[in-house]
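Reader: I would like to learn how to read a fold like this one. Where should we begin?

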Amino acid sequence: MTTTVSPTPATQQPATPTVEAQLPFKFPLTGLPADHEVKTRPYMVMVENAPQARPQTGLDQADIVYEILAEGEITRFVSVFQSQAASVIGPVRSIRPYFVEIGDALDAIIVHAGWSQDAMDMMAGRNLAHLDEVYGDGAYYWRSTDRKAPHNLYTSVDKMKKGAEARKFRTEWNGPLLTFTKAGQGKLTGAAVHYIQIPYLMGYFASYDYDAAGGVYKRSMEGKPHLDKETGKQLQTKNLLVLESKHQIIDKEGRRIVDVFGPNKGMIFQEGMSQAITWERKNGMLRAYASDGQEVPLLPGNTWVQIVPEGTKLKVE
C-alpha cells in the first residue's frame, strides 16, 4: 500500500475518559463493558452507499462496519450489530458472495434485500440464517416515504430479532473472539496521522480526521462530514483498518470477486498513530498482524474496515 505522509506536530493525547463502574463482562465485538454476558448472534446488515442513499441511518450504532466495492463503482457497507439495539438501520440493499463470507465467518444472521445468484447459492448451500426482504421476509423491514425506492428500505434490531424468532434461527452465538488491548500495552509503532484519504473509483473517496479530544477518527464522504440521518452526528471510529485486497470484475454488470481471506498488506490507525500491517482472516475475523507475526490488538470501541483494491494510494497526513 502506497501512502503519502506529510510531517505533523506531536499528536495530542486523547482526553482521559470518565472512570466507569467496573462491569463484569465485555461486549465481544467492541471490548466495552457490559453488565451481562453476551451470547446472542449479531446481525449483519447490507447498507447502501449510493448518493441517493446518503445520509444513512444506524451505522453509528454498529460494532463493526466493512466498506467494500460493489458493482457500479460504489461501495456498500457490511454493518454488524450486537451491542446496540439500533431502532433504524438502512437503506438496506442486496448481497454478494464476499459479503456472505464475512457474515458466515462471524456466525451472524445476514440481513439483505435481494442477492446475486452466486450469493444466494452460497447461502442456500451452507444453510445460512438470513432475512431477505425481496423473497418472503418483508414483514421485518419498512419503506420510508421521504425517499424513492429502492433507496428507502429500512429495518431495526427489534424487527430483525422478530424475524429470527419467526424463522427459528439459532440464537446462541458461535462467533469469533476479537483481540483487544490490555492495560500497559503500547501504542502503534508508526507515524502520527491526523488525516487519511481513501480513494475508491471514479473520483469517489472516503476520509477520516483525527479528533484528539475523543481519541477517534471522524469520517467524511467526498470531503463532507458523513452524518447519521437521524441524529445528525458525524460517524466516527476508534479503530480504522485499511486493507488491500485482490479484486476482479466477473460479468458485464460489473460484479466483483473480492478476496476477504488474505493474506495481504494494509494499515491500522488508532488514537492518532499508524502502523503498517499484514492482514489475514483467522478464526472468523480479518485480523491485523505486525511484522513479527503478533496480532495487533484493537482498542475497545467500534471498528471500521476499509477494503480497497491492491495498489490503492492513500493520502496520509
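Author: This is a predicted model. Begin with the sheet. Its 10 strands run in the order β8-β7-β4-β6-β5-β22-β16-β19-β20-β21. The sheet is open, and the pairing is mixed.

Reader: Which strands stand at the edges?

Author: Look for strands with a single partner. Here they are β8 and β21 (residues 285-289), so each has one side without a neighbour in the sheet. On average, neighbouring strands are turned by 25° against each other, direction ignored.

Reader: In which sense do β19 and β20 pair, parallel or antiparallel?

Author: Antiparallel, over seven bridges. Strand β19 covers residues 264-270, and β20 covers 273-282. For one bridge, take Phe269: its partner in β20 is Ser274.

Reader: Now the helices. Why would buried residues sit three or four places apart?

Author: An α-helix has 3.6 residues a turn, so residues at that spacing point the same way. Take α3, residues 157-166. Val157, Met160, Gly163 and Ala164 are buried there. Seen down the axis, they fall within an arc of 120°, so they line one face of α3.

Reader: What do the buried residues of α3 pack against?

Author: Four strands: β4, β6, β7 and β8. Helix α3 lies across these strands, at about 125° to β4. Just after the helix, Lys168 takes a positive phi of about 55°.

Reader: Which residues of α2 are buried?

Author: Helix α2 spans 117-126, with Ala119, Met120, Met122 and Met123 buried. Their arc around the axis is only 160°, which puts them on the same side of α2. Ala124 and Gly125, on the other side, are exposed.

Reader: What covers the buried side of α2?

Author: The cover includes α1 (97-105), β7 (109-112) and β8 (130-132). Just after α2, Asn127 has a positive phi of about 55°.

Reader: Which strands does α1 lie across?

Author: Strands β4, β5, β6, β7 and β20. Its direction is about 160° to β5.

Reader: Last topic, pockets. How much space lies in the second largest one?

Author: About 450 Å³. Next, ask what lines the pocket. There are 21 lining residues. Nearest the centre lie Thr40, Arg41, Tyr43, Val157 and Lys161.

Reader: Which element gives the largest share of that lining?

Author: Helix α3, with four residues. Val157 links two of our topics: it is among the buried residues of α3, and it is one of the residues nearest the centre of this pocket.

Methods: Residues are numbered from 1 along each chain as its sequence is written. This is a predicted model: local features need pLDDT of at least 70, side-chain atom pairs count only at pLDDT 80 or more; totals for chains, interfaces and linings use all residues. Side-chain values use heavy atoms; hydrogens and water are left out. Buried means under 20% relative accessible area, exposed over 50%, partly exposed in between (1.4 Å probe, protein chains only). The arc is that of the directions from the helix axis to the C-beta atoms. Contact means heavy atoms within 4.5 Å. Two strands pair if DSSP finds at least two bridges between them. Axes are lines fitted to C-alpha atoms, for helices over the stretch in contact, and angles run from 0 to 180 degrees between N-to-C directions. On a 1 Å grid over the protein atoms alone, a cavity is a set of points where a 1.4 Å probe fits but cannot get out, and a pocket is an open set with protein on both sides within 12 Å along at least five of seven lines; lining residues have an atom within 4 Å of a point. Grid points are joined across faces, edges and corners, and a volume is the space filled by probe spheres set on the points.
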